[in-house]
Amino acid sequence: MELKLLRAFIVLSEELHFGRAAQRLSIVQPALSMQIKSLEEEVGARLFDRDRHSVTLSETGKLFLPEARAVLHQSARALEIARTSGRGEIGCLRIAFVSSVLPDILPTMIRALHERFPRIELELKDMASLEQIRMLRAGQLDFGLVRLPIVAPDISTRIVLREPFVIAMPSDHELVKYPAVLPEHLASIPCYLLARRFAPGMYDELLAQLTESNVQLNIAAELGEFTTMLALVSAGLGLGIMPAGAARALPPNVSARPLVLGGHEVALGLAWTELDTPVKNTLYALMNELFP
């Protein structure tokens, strides 16, 4: 059944006058009459009662009218959804992130996406960088917010944020008096690191920078969470080496100082396999705008 026939039927049912209905439809009256005749033949019933003086809906027409309106409404909605999807303004994105993006990057992204593209839904997962890479390869994620660098030729990345390392320490520690911590200050102090399996690139670059400074780090433990690291630091069991973003919410008795590494910084990046859908391109363009 052609939608134009339903549209002609609805307009005529509202006007109950062939001349006015034809004018609204921007067609000539004989063409409207042919369309109504074709629709009645397809339906197999008379939709209008008409004589020389009046046009009224038949009983069948009265029952058919709300259904015809529903079909036109649904077709218009389907068309609108398809067009919106083609512009990348509707859909679902599966995004994973390392926990240290929670204070700034993630809320900024979510807020901007919700304000500009409220019909894009997000599935968010807190996940270590290497697990994100595995799920990206398996097609189970659309994007990841990962610790860089990563060694994965099949994964594309772009830097979102660079930040320095800091040293988290008890507020009564002797190093608190320094505005920044030098590598040599760490030589004999037990230190906690994020375990290599969670961010191997960041881990290797940090140790390489310390080696260049002729410092052999006293690693007390390698941990899976910065929150655990801060709890151990708060208990006075050692110092924590972490990106600045991970030290934004310190326990009351913990302070942080920059670690001087000759300008070396750790990077957070957006990771993906393919920008093969409009909605993926929407997020990619938005991240480029928010974090140039």
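Below are short exercises on a predicted model, each with a worked solution.

Residues are numbered from 1 along each chain as its sequence is written. Local features need pLDDT of at least 70, side-chain atom pairs count only at pLDDT 80 or more, totals for chains, interfaces and linings use all residues, and side-chain values use heavy atoms, with hydrogens and water left out.

**Exercise 1. Overall shape**

Compare the radius of gyration of the protein with that of a compact globule of 292 residues.

*Solution.*
- Step 1. The radius is taken over C-alpha atoms, and the globule rule is 2.2 Å times the number of residues to the power 0.38.
- Step 2. For a compact globule of 292 residues the expected value is near 19 Å, but the protein has 32 Å.
- Step 3. Check the spans: the C-alpha trace covers about 105 × 40 × 25 Å along its principal axes.
- Step 4. Add burial: 42% of the 292 residues are buried (under 20% relative accessible area; exposed is over 50%, partly exposed in between; 1.4 Å probe, protein chains only).

**Exercise 2. The sheet of strands 7 to 11**

Give the strand order of the open sheet of 5 strands and name its edges.

*Solution.*
- Step 1. Count elements: the protein has 9 helices and 12 strands. These are DSSP runs numbered from the N terminus (helices: H or I, at least four residues; strands: E, at least two).
- Step 2. Two strands pair if DSSP finds at least two bridges between them. The order is then 9-8-10-7-11, with mixed pairing.
- Step 3. Strand 9 (219-223) and strand 11 (254-258) are the edges, each pairing on one side only.
- Step 4. On average, neighbouring strands of this sheet are turned by 30° against each other, direction ignored.
- Step 5. Look inside: strand 7 (residues 165-170) and strand 10 (residues 239-243) run antiparallel, joined by 4 bridges. A168 stands opposite G240 in strand 10.
- Step 6. Add the helix: helix 7 (residues 200-212) packs on the sheet and touches strand 7, strand 8 (191-194), strand 9 and strand 10. Contact means heavy atoms within 4.5 Å. The direction of helix 7 makes about 145° with that of strand 8.

**Exercise 3. Helix packing at the N-terminal end**

Find how helix 1 (residues 3-15) and helix 2 (residues 18-25) each pack on helix 3 (residues 29-43).

*Solution.*
- Step 1. Axes are lines fitted to C-alpha atoms, for helices over the stretch in contact; angles run from 0 to 180 degrees between N-to-C directions.
- Step 2. Helix 1 and helix 3 pack at about 110°, with axes 9 Å apart. Helix 1 is therefore roughly perpendicular to helix 3 (65 to 115 degrees; under 35 is roughly parallel, over 145 roughly antiparallel, the rest oblique).
- Step 3. The contact includes L5, F9 and L12 of helix 1 and L32, I36 and L39 of helix 3. Its residues divide into 8 nonpolar, 2 polar and 2 charged (nonpolar: Ala, Val, Leu, Ile, Met, Phe, Trp, Tyr, Cys and Pro; charged: Asp, Glu, Lys and Arg; polar: the others, Gly among them).
- Step 4. The axes of helix 2 and helix 3 come within 9 Å and cross at roughly 95°. So helix 2 is roughly perpendicular to helix 3.
- Step 5. This contact has 6 nonpolar, 3 polar and no charged residues.

**Exercise 4. Backbone outliers**

Locate L16, N214 and P149, and describe the backbone at each.

*Solution.*
- Step 1. L16 has a positive phi of about 50° although it is not a glycine. L16 lies in the loop between helix 1 and helix 2. At 35% relative accessibility, L16 is partly exposed.
- Step 2. N214 is also not a glycine, yet has a positive phi of about 60°. N214 sits in the loop between helix 7 and strand 9. With a relative accessible area of 73%, N214 is exposed.
- Step 3. The peptide bond from L148 to P149 is cis, with omega near 0°. P149 is in the loop between strand 5 (143-148) and strand 6 (156-163).
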